[in-house]
Amino acid sequence: MTIVSDMMNVSVTPHIRSKESTGRIMLLVIIALLPATGFGIYQFGYQAAILIAVSIATTVLTEFLYEKIMKMPVTVGDLSAIVTGLLLALNLPVSVPWWMAVIGGVFAILVVKMFFGGIGQNFMNPALGGRCFLVICFTARMTTFTLDGVTTATPLAMLKAGEDVNTWDMVIGKIPGTIGETSAIAIMVGAIFLILFDVIDMRIPFTYLLTFVIFIGLFGPNGWDPYYLTAQLAGGGLMLGAFFMATDYATSPITPLGKIIFGIILGLLTGIFRVFSSSAEGVSYAIVISNLLVPLIERFTIPKCFGKGGENR
Amino acid sequence: MATLTFKGGIHPYDGKDLSKDKPIQEIVPQGEMVYPLSMHIGAPATPIVEAGERVLKGQKIAEAAGFVSSPVYASVSGTVRTIEKRLTVTGDRVDCIIIDNDGLYEEAPPMPVKPVEDMTKEDILTLIREAGIVGMGGAGFPTHVKLSPKEPDKINYVIANCSECEPYLTSDYRRMMEVPERLVLGLKIILLLFDHAKGILAVEDNKPDCIRKLKELVIDEPRISVKVLKTKYPQGSERQLIYATTKRAINSSMLPADAGCIVNNVDTICAVFSAVIEGHPLMYRVVTVTGDAVNDPRNFIVPIGTNYAQLIDAAGGFKVKPEKIVSGGPMMGFALFDINVPVTKTSSALLCMSKDEVAKWKPSQCIKCGKCLEVCPARLMPSKLADFAENGDEEQFVKYNGMECVECGSCSYTCPAKRQLVQSIKYQRRTILANRKKNK
């Protein structure tokens, strides 16, 4: 008879686990950001690469040191700090000095993420929190964009002033802007990758962009002019925001209906900011404000559970 | 034809190829046999034999103690050694009748049966009850109770749960491949109890050969149809199965009968056939012995009471030292710390895994990805419920419908942060249920 002398492992069901892990998801997000990152470096040169490296080093080191000092388990292995650092860098103009990336990175990780309990607990997208902090502190430097060494207005600012822009340049990204936001195509490639690997849910970006287009069509200065609408979609970091930052797990609703409501709010806020405010962009602020509404949205969108309400004949 | 399904669910590695082509073999047990008096939901059976008494195979050794209870039969001939507490698959020590197998397999006469046409509904129910048949899919609810709803005329569907959605399990599959006529005839017998009911054989689409066989068999049966389900876990969960086949949704406060449905597992229906037609009480069940730690994964027909260790020997022993052994499937089965426990009426499989996937991962903080919501077949918010459970917030737990959880474990399987979601929810649920019972 088979004798098993040692006792075997026991645990409560289930006894199997999927291969999915936090680290794997973050890795997929990093891979999905590579086209936009690559385009940014190609377009803005080695300074862009330096800013990206500084930003990532800052976020990872901040998380590591904070957890060491606070004697907490070190979680940099889940790669989420790298995602934050990369996203922050992609949201910076290439002309900012390196120490601003450091300030932004420390703010993002320390204040927005770690002070609120680390991964999953932050109430606001850390990268966008860092960016907004920098915009408020260093407004001029954060809103000065250069392309090929020449300081120029962004296409959205030109549109706002009533000038013409080249829509095709905006789609491929030959425009001034932050490092990662310029190429709508590069961002879309990454977004499709994320959707195929089931990392992000279509609900948020889809409702966000749809609501935004409808809003601009109804209340914008040019009505339903397709070139104008495409320019609005491609510019101002909207694609990067919709696919990579509005979909941030911790700061978007987990309920299916909540995601749709969240997307609609994002679209409305971005539309309002672009049409009525003095600045031409507004994606960052729309997202961080919507982030604050997430607990409320979740509370009102608890899904109806299976079988409640009795028979369904 | 479009396949039927429910919303949510997961697609784990199914491991069925290990054992699906291995015909059912009979196990001839050696040495002592252990019969727990509680292999079912309800009152433990009352022993009716004494130490030293000689018993025959098929002799009743314990009587049902009330309506919601079930008798126990000896599956070998031999001498009763004693009645004492023994370890069972759940890790509990329960009263068991121990019989020394004399290897003669001398049989007691079967239960007296009439031709089915001459039986009344009561005759059929009595035979099912007397045979000690319980839900053999895992829950062990006495079948005669299930088949005695308050209003039998309001039952519209008797569903044979042939989905076998648990990974690795192939015991139902082998039954359907080898003796599908027993399943169909068993279902016909159950349909005799319900005048207004139709029979449904619900099979997942990963078993096309079964679907073909069953369809051929029911071609002339106006009351029975085969329905094809999408292969997905937990397709065989009662509530999900009823929804997939009839589009009727029941919640935790309802019984399947409230939606006009009765669900029975394959092995249970086969047991009904052999009780009502052949007069055999429940003495055997089909067990899949599988996993990457056994040499030769197989399906066995096993006398109830056999020690699990003998099944390992019959499957060629261990290839490598297993880290985890599970009685039942990997999603809902019981992990064993000691393999020397008896096969019961509800043991569907013995899964031996060389690696313990649970131990490999360390739970980490929730990242709020919402994947648990996507897979939850009860459409709950598992991450929130687990938070409430971990904080002991009973009020919020109930408000967020925590009591509707079917404990399928899809959330824990999926969670990228490897949180113990269903584990926390289950604990809170059980606590609340126990308190409610106490306060009644």
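Trainee: Which exposed residues does the face of α9(A) turned away from its buried side carry?

Mentor: In this predicted model, I192(A) and L196(A) are the exposed residues on that face of α9(A).

Trainee: Which residues of α9(A) are buried, and how should their placement be read?

Mentor: A residue is counted as buried if 20 or more other C-beta atoms lie within 10 Å of its own. In α9(A), the buried residues are A184(A), A186(A), I187(A), G190(A), A191(A) and L194(A). They lie on the same side of α9(A), because the arc they cover around the axis is only 160°.

Trainee: Against which helices do these buried residues pack?

Mentor: Their partners in chain A are α1 (22-44), α8 (167-172), α11 (226-234) and α12 (238-245).

Trainee: What span should helix α9 of chain A have?

Mentor: The expected span is 1.5 Å times one less than the number of residues. Helix α9 of chain A has 13 residues (184-196), so it should span 18 Å, and its end C-alpha atoms are indeed 18 Å apart. After α9(A) comes D198(A), with a positive phi near 60°.

Trainee: How many residues of chain B are in contact with chain A?

Mentor: Here 59 residues of chain B meet 36 residues of chain A. The largest share of chain B's side, four residues, is supplied by α8(B). By class, that side has 32 nonpolar, 13 polar and 14 charged residues.

Trainee: Within chain B, how far apart are the centres of domain 2 and domain 3?

Mentor: Taken over C-alpha atoms, the centres of these two domains of chain B are 29 Å apart. Their contact takes seven residues from domain 2 of chain B and six residues from domain 3 of chain B.

Key:
Residues are numbered from 1 along each chain as its sequence is written. Chains are lettered from A and ligands numbered from 1 in the order in which they are written. This is a predicted model: local features need pLDDT of at least 70, side-chain atom pairs count only at pLDDT 80 or more; totals for chains, interfaces and linings use all residues. Two residues are in contact if their C-beta atoms, placed from the backbone, lie within 7 Å. Helices (H or I, at least four residues) and strands (E, at least two) are DSSP runs, numbered from the N terminus. Ala, Val, Leu, Ile, Met, Phe, Trp, Tyr, Cys and Pro count as nonpolar, Asp, Glu, Lys and Arg as charged, and the others, Gly among them, as polar. Domain bounds come from an automatic or database domain assignment. A residue is buried if 20 or more other C-beta atoms lie within 10 Å of its own, exposed if 12 or fewer, and partly exposed in between; C-beta atoms are placed from the backbone. The arc is that of the directions from the helix axis to the C-beta atoms.
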